[in-house]
Amino acid sequence: MYTLVNAPTIGFDLARLPTGAAVATVLLEALAVQPSTGGPTPDLAEFDGTHLDDPRRAAAWLEVSALTPQRRLDDALSAVRQLVDDAATALDASSPPARELEPVLRELTTASFGGLEDLLRLVRVELLDEAPEHVVALASDALAAAYGGRRLPEDVRALLRTPWLNGARCLPRVPADMGPFADELHTILERAAVLTSAEAGVLVEVAGWTDLDWSGRMHAAAWAGYLSGRLRPAAAAQFQAVRALRAGGVDAACAARGVWNAVSGCVQAVAMHDLLDEVTYGVLVAPWESAVGILGS
């Protein structure tokens, strides 16, 4: 599930995760370690592998492994189906009491397609598949610290994240390369970081009545990145969108109700607009243009 092709899905999870912006930052830094084909290779001399021999590191990872795993979306959907089935077979035809429905809906808002293990696999297998082994290990440590956030003791977080932070100082400054349409994407991301509550409300409303084939068109736009060799720039734009929405105060409920899909779809469409047909492009940017204004105007 967590692949560069599915970067919008990763972003959907991170946009609703309390520590999602911190995780997105580590992913962006990993993209800078191993840039797109043809990009300059950064000097990785500042990534010190001696940290990996610290005996405290194993204890820190025990703390990480003890974290309560993120609720999976398929499990949350199963709970919803069970609740609906129970209501349908009840003797009376009344709807489920609010006290039963509310926790299920809350789980749907925060449940995720993947978790830490999926993110670690993404970093190790795709983002840093050609990087030195010690750099991959340091990135994994930093990712675990970012994902765990305040659920981990501060000394554990510091131990895991500091070596990566020290090395990341040699990398190009985030934001990472977002491809040939970076200027247009920067404009959208800067605007996403200052969305008003009224604009977010329009995004939620419009996302509900937009083209029913939105997911299919989004899938086509994601595969356009794969076929064109622009997966990494497109993923960088998605991870930047996570940070932008968090900076703007968009919470998990608002993101889940349609704001993420609207912003993510617009970002993907603009990043790939030279490869998309007019209808697909129009469907993906429509919610954004309804709330914020026509692109390029």
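Colleague: What makes the crossing of α6 past α7 right-handed?
Modeller: In this predicted model, α6 passes α7 in a right-handed crossing; the word applies if the near helix is turned clockwise from the far one by less than a right angle, while an anticlockwise turn is left-handed. Both helices are DSSP runs (H or I, at least four residues, numbered from the N terminus), with α6 covering residues 116–127 and α7 residues 133–148.

Colleague: Why is α6 called roughly antiparallel to α7?
Modeller: Their axes (lines fitted to C-alpha atoms over the stretch in contact, with angles from 0 to 180 degrees between N-to-C directions) cross at roughly 150° and come within 10 Å. Angles over 145 degrees count as roughly antiparallel, under 35 as roughly parallel, 65 to 115 as roughly perpendicular and the rest as oblique, so α6 is roughly antiparallel to α7.

Colleague: Which residues make that contact?
Modeller: With contact meaning heavy atoms within 4.5 Å, α6 brings L116, L119, L120, V123 and R124, and α7 brings V136, A139, S140, L143, A144 and Y147. The contact of α6 with α7 has nine nonpolar, one polar and one charged residues (Ala, Val, Leu, Ile, Met, Phe, Trp, Tyr, Cys and Pro are nonpolar; Asp, Glu, Lys and Arg charged; the others, including Gly, polar).

Colleague: And α3, why is that helix called oblique to α7?
Modeller: α3 (residues 55–65) packs on α7 at about 45°, with the axes 11 Å apart. That angle therefore makes α3 oblique to α7. The crossing of α3 and α7 is left-handed, and R57, W61 and V64 of α3 touch A137, S140, D141 and A144 of α7. Four nonpolar, one polar and two charged residues make up this contact.

Colleague: What makes α13 and α14 oblique?
Modeller: Their angle is about 135°, with axes 8 Å apart, so the two helices are oblique to each other. α13 passes α14 in a left-handed crossing. Here A262, V263, G265, C266, A269 and V270 in α13 meet Y281, L284, V285, P287 and W288 in α14; by class that is ten nonpolar, one polar and no charged.

Colleague: α13 also helps line the second largest pocket. What makes a pocket?
Modeller: On a 1 Å grid over the protein atoms alone, a pocket is an open set of points where a 1.4 Å probe fits, with protein on both sides within 12 Å along at least five of seven lines; lining residues have an atom within 4 Å of a point. This one holds about 320 Å³ and has 15 lining residues, with P8, T9, W214, M218 and N261 nearest its centre. α11 gives the most, six residues, and the lining has nine nonpolar, six polar and no charged residues.

Colleague: Which conventions apply here?
Modeller: Local features need pLDDT of at least 70 and side-chain atom pairs pLDDT 80 or more, whereas totals for chains, interfaces and linings use all residues. Residues are numbered from 1 along each chain as its sequence is written, and side-chain values use heavy atoms, leaving out hydrogens and water.

Technical notes
Points joined across faces, edges and corners; volume = space filled by probe spheres on them.
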